[in-house]
Amino acid sequence: MTKLGGWAGLPQPSQVASTALARIAREGTPQGTVDATCWQLDQCAIAAAGDTIDAHQDDGAYAVLIGRPHWTGAGGTDGSAGLARRALDGYRTAGIDILNALGGTFALALTLDKGQTALLAIDRIGVTSLTWRAIGRGLVFGTTADDVNAFFDAPREIDHQSLYNYVFLHMVPGPATIFRGESRIPPGGYVELKDGSIASGHYWKMRYDERARADFPALKVEFRALLDRSVKSLVDHRAVGTFLSGGTDSSTITGVLAAASNAPVRTYSIGFEAQGYDEMEYARIAARHFATDHHEYYVTPDDVVALAPRLAAFCDQPFGNASAVPTYYCAAFAKSDGVELLLGGDGGDELFGGNERYATQALFSWYAKVPSAVRKGLIEPLLFGIPGGDRIGLLRRGRSYVAQTSVSVPRRLHAYNMLRRTPLDTVFSKEFLAQVDPATPLNLLEGVYQSADATDPLNRMLAMDLQFTLADNDLYKVNRMCALAGVDVAYPLLDDELVAFSARLPARLKLKGTRLRYFFKQALLDLLPKEIIHKQKHGFGLPIGIWIQTHQPLRDLAYDAVRAFGARGIVRPEFADQVISEHKAGDAAYWGGEIWSLSQLELWLQAHGWAAGKPLL
């Protein structure tokens, strides 16, 4: 993992800050530092280390780019070399507009005027990350919140709203962090410091061209060419492998890489000894189809017990997605086999319409297209006018369907969220509820959905998921677990040109009726095995709920952590006991997810300095 951090507008840094800066420059990547830079002058400093750094300094100005950036502006470029200088020169003349000329995966930090001016930015999709915090008339920044916190002696405070948002969403949605006063730069976002004032915003936003022509043959040719070019561009001198779940995305990346390789592609898959969860059959189908050098690892409950505290300690935010466990073991397995770079298929769902909920929401959207006179004058009087209709199965389902069509999409998607099905005063303490706004998580989703540069409901959902499902959840998960395992990761489907292509692909080709990924699959009929074309979406799903029920060491770890969290004054102790009781006797998958999320929150707190039993209010 390449690291980046520093400060601007802060005179006379403390010894703590200088030590933290030196640590960033020293750490580098898990494989050993290939390059490092560390500059400190007057009121600013930048340090970076890793194997993908481009840096430049002149006349008291510094610029550092990490990642895999490229130049999209006039004049082109021969790779990423010299981009830091070009970004610095461009900022001097064009300001933040220079960010539109940067493409690829990157994080940028530059300073001018001996630290009085600074610009931070990350790539369009949010593959990289930067966290920042304002201090006085300046700011500190780092790749993670842990890096930022290392720069100063001030006590860290948990942000109570972010804590509530985590319980609702099982992750901390950006741009906030779990720490009060700290923020993450959002995908396509920037932060600018000038003369003691800080401004932030977006230099890029996904814009859907819903008037584009649907010439299917031409679109297919273009798509395949972009896909091939993206995969090939990521292959370098390092040993490369792919995540292979047996799903559409990972199989596609594997197939394209296999076609471009002279040797069998190394593929890595995770299985589970649990009925209904193991997808190894499809991974094997893909491996045979593409003649890969295939490797399999079966995760066990003991693996979960061993990883849970490490996972919580390594993440700079509490993270409750249990699929982080198989992701880590897959990455660690590849690392032990000599792989240095893994290619992941993340992003395909959010670009090309692959999540099951898109089909479900399409069913609701159909009702809105029925003429109002028919809905109000015939269908609804029939459904709601019959006495005792709630006792008739067909009428009950019809009433539920019609009722849900009047609810906005973000709220409808979370209709079964535990915090929407349970009175909040039975979940949280009175003192905690007084400090938070329970509407915030859904308002965040609603804000992105409504402000999307699109009119089609599917594209609005895709825009929402690009931020909250992809950047805040899936990319965070894969990036952090690969960093923990010590292997680099890249995402071919998130290439700028493929993202732009998806934005002008008609929504009706992404989702045809209720057929997910219609265009994507049709364009790859000659590449993918038919079994994978027609399979249901699954991925690296973990049977965490079942394993917590049946494996005592894991059950003890998870239940003890939930009870410990119940003693912190956030949730009621009786609620912690209720969640455990519901899990023991109820839906293992539903309540298992809640148990895992709360237990990871408690383990994260303990690992980051909040001793068990220490109140958070």
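The legends below describe close-up views of a predicted model.

In this predicted model, local features need pLDDT of at least 70 and side-chain atom pairs count only at pLDDT 80 or more, while totals for chains, interfaces and linings use all residues. Residues are numbered from 1 along each chain as its sequence is written, and side-chain values use heavy atoms, with hydrogens and water left out.

**View 1. A salt-bridge network joins Asp58, Arg85, Asp89 and Arg92.**
A salt bridge is a side-chain nitrogen of Lys or Arg within 4 Å of a carboxyl oxygen of Asp or Glu. Side chains of opposite charge can pair when their charged atoms come close. The structure holds 26 salt bridges. In one of them, arginine 92 pairs with aspartate 58, with 2.7 Å between the closest N and O atoms. Arginine 92 belongs to helix 2 (residues 83-94) and aspartate 58 to strand 4 (residues 53-58), so this salt bridge ties together parts that are 34 residues apart in sequence. Helices (H or I, at least four residues) and strands (E, at least two) are DSSP runs, numbered from the N terminus. Arginine 85 forms a salt bridge with aspartate 89, and here the closest N and O atoms are 3.8 Å apart. Both of these residues lie in helix 2, four residues apart, which is about one turn of the helix. An α-helix has 3.6 residues a turn, so residues three or four places apart point the same way. Are these side chains buried or exposed? Buried means under 20% relative accessible area, exposed over 50%, and partly exposed in between (1.4 Å probe, protein chains only). Partly exposed residues here include arginine 92 at 39%, aspartate 58 at 21% and aspartate 89 at 33%.

**View 2. Arginine 517 and aspartate 249 form a buried salt bridge.**
The closest N and O atoms of arginine 517 and aspartate 249 are 2.5 Å apart. The pair links distant parts of the chain, 268 residues apart: arginine 517 sits in the loop between helix 21 (507-510) and helix 22 (518-523), and aspartate 249 in helix 6 (residues 248-260). Both residues are buried, and arginine 517 has a relative accessible area of 4%. Arginine 517 also has a positive phi of about 55 degrees, although it is not a glycine. Most residues other than glycine have a negative phi, and most peptide bonds are trans.

**View 3. Strand 5 pairs with strand 4 and with strand 6.**
Two strands pair if DSSP finds at least two bridges between them. Strand 4 and strand 5 (residues 61-71) are antiparallel and share six bridges, and one bridge partner of aspartate 58 in strand 5 is alanine 61. The two strands form a hairpin with two residues between them, and aspartate 59 in the turn has a positive phi of about 50 degrees. Strand 5 also runs antiparallel to strand 6 (residues 102-112), joined by ten bridges. There, isoleucine 66 has alanine 107 as its bridge partner in strand 6. Strand 5 is mostly covered, with eight of its eleven residues buried.

**View 4. Five strands form an open parallel sheet.**
The strand order is 15-14-13-16-17. Strand 15 (293-299) and strand 17 (488-490) stand at the edges with a single partner strand each, so one side of each is left without a neighbour in the sheet. On average, neighbouring strands of this sheet are turned by 30 degrees against each other, direction ignored. Inside the sheet, strand 13 (residues 240-243) and strand 14 (residues 266-272) pair in the parallel sense over three bridges. The bridge partner of threonine 242 in strand 14 is threonine 267.

**View 5. Helix 9 is mostly covered.**
Ten of the 13 residues of helix 9 are buried, among them Tyr328, Tyr329 and Cys330. The expected span of a helix is 1.5 Å times one less than its number of residues. For helix 9 (residues 324-336) this gives 18 Å, which agrees with the 18 Å between its end C-alpha atoms. Just after helix 9, glycine 338 takes a positive phi of about 95 degrees.

**View 6. A cis peptide bond leads from glycine 174 to proline 175.**
The omega of this bond is near 5 degrees. Proline 175 is found in the loop between helix 4 (160-169) and strand 10 (182-184).

Key
Axes are lines fitted to C-alpha atoms, for helices over the stretch in contact, and angles run from 0 to 180 degrees between N-to-C directions.
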